[in-house]
Amino acid sequence: MKTQDRDMTADVAAAYEQHFGRAPELTTYAPGRVNLLGEHTDYNGGYVLPMPLKGLGVSIAVGRGPAPGVVEAYSDTFNASETRKITDGKEGRWSDYVLGCLKAVAQEEIAETGLRVTLITTLPMGAGLSSSAALEVASIRAASELFGKPISPVEIAVKARAVENGFVGMPCGIMDQFASSVGTPGNALFLNTRTLDYQPAHLPDGHSFVIVHSGVSHQLTEDGYATRVAECNAACEALGVEMLSDLGPGDLDRLSGIPGLLARRTRHVITDNQRVLDGLDALKAEDMILFGELMNASHASQRDDYEITVPETDALVEAALKAGAIGARQTGGGFGGSIVVLVPDTAVETVGQALVDSFSKARVLAVT
């Protein structure tokens with residue numbers, strides 16, 4: 001089993017017992033993530049540099065019952081229950097994420113025994129920290145362990161993404177699920193999303209990443225995210241490539257031959273892809289000044305070329321830099337959510353407090 005937050009798994013076991021009147025058979029945990037560089041590059045087959053988070057994640061408790069084919073799901077965090085059949089399709093409910101994962105791993109077994117599920121989360125919904133991916137990874141782990149069907153961490157990520165794409169209907173890449181399943185909380189993870197080759201990326205001492213929620217929640221299953229995916233597909237067709245990751249900085253001059261909107265989307269993917277590679281080199285060289293500059297450039301690219309930031313995240317990034325941050329950018333799918341801020345350890349409190357004092361809806365979620 002992957003590293004768990006022991007307090008969360010104890011809490012979810014207690015919640016399961018209180019709700020269902022019996023102890024669970026097992027518990028699992030999966031962390032959320034913050035993405036340091038490489039936004040919207042994953043579904044384009046590019047590079048990403050996420051970091052699983054310590055203490056922010058989803059924990060699940062499961063046990064067989066109550067009846068063949070019946071799934072009783074309870075969220076202790078939101079005090080909400082939903083009862084589904086394992087044969088159900090998508091219904092636009094939060095339990096879709098759990099149900100889709102259970103179907104992908106153990107539909108036949110659950111058709112015979114049923115399943116009770118309780119979950120708790122410390123990830124704010126809509127914060128851009130991959131609450132859905134953590135829920136998927138934890139659900140797949142729970143089903144695979146309960147029914148004795150071992151799955152590797154990489155396979156878990158692949159299955160989780162397939163559930164989100166095919167069952168939930170969100171055309172995301174694999175970064176979130178991969179970071180949650182394969183990564184180690186507190187350490188960055190470099191991933192080639194096309195080949196699934198990956199390597200850990202050590203974070204130098206003396207600096208921290210502060211994650212700040214803007215207070216503007218996003219809903220990625222709305223049109224904005226899917227529209228960007230469609231625009232990237234159209235750009236591929238216009239440029240005659242299979243995926244935008246086929247292109248590099250040397251291809252930027254080709255963008256003058258396609259419509260301006262598609263050119264901007266493509267320029268973001270090309271340049272953010274390169275920023276991930278440059279950022280990995282910067283981490284290896286312990287050059288956090290350069291890493292911060294790459295973060296700043298990535299935010300500008302998200303704002304101007306990919307157009308997925310909002311005024312609140314733009315203002316937070318600007319304020320963080322004025323308060324002493326080395327780098328700052330919107331993180332996650334966009335259209336709201338959180339920013340990630342790189343600061344010297346000596347400035348963590350100053351920068352965090354400055355943002356909270358200046359923005360009434362902002363709150364610091366984590367420092368790592």
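In this predicted model, strands β3 and β5 (residues 115-121) pair in the parallel sense, with five bridges between them. Within this pairing, serine 75 has leucine 119 of β5 as its bridge partner. Strand β3 (residues 70-75) also pairs with strand β4 (residues 80-85), here in the antiparallel sense and over six bridges, and valine 71 stands opposite arginine 84 of β4. Four residues lie between the strands in the hairpin that β3 and β4 form, where asparagine 79 adopts a positive phi near 50 degrees. Because five of the six residues of β3 are buried, this strand is largely enclosed by the rest of the structure.

Attention may next be given to the nonpolar interior. The largest nonpolar core comprises 62 residues, and those with the most contacts inside it are Leu36, Leu49, Ile60, Leu102, Leu129, Phe209 and Phe291. When neighbours within four places in sequence are left aside, the contacts of isoleucine 60 include Val12, Leu26, Val117, Thr118, Leu119, Leu135 and Ala142; leucine 119, among these contacts, is also the residue of β5 that serves as bridge partner to serine 75. Another core, which lies apart from the largest one, has 20 residues, among them Tyr225, Cys232, Leu239 and Leu255.

On the surface, Val356, Val364 and Val367 make a nonpolar patch of about 190 Å². Of these residues, valine 364 belongs to strand β11, which covers residues 363-367. Valine 364 has a relative accessible area of 34% and is therefore classed as partly exposed, a class that lies between the buried limit of under 20% and the exposed limit of over 50%.

Definitions and conventions
Residues numbered from 1 in each chain as written. Predicted model: local features only at pLDDT ≥ 70, side-chain atom pairs only at ≥ 80, totals over all residues. Heavy atoms only, no water. Patch = residues over 30% accessible without salt bridge, like charges linked within 9 Å, V, L, I, M, F, W, Y side chains within 5 Å. Areas by Shrake-Rupley, 256 points an atom, 1.4 Å probe, with all protein chains shown as cover. Salt bridge = Lys/Arg side-chain N within 4 Å of Asp/Glu carboxyl O. Helix = DSSP H or I, 4+ residues; strand = E, 2+ residues; numbered from the N terminus. Buried < 20%, exposed > 50% of the residue type's maximum accessible area, 1.4 Å probe, protein only. Pairing = 2+ DSSP bridges. Core = buried A, V, L, I, M, F, W, Y, C linked by side-chain atoms within 4.5 Å. Contact = heavy atoms within 4.5 Å.
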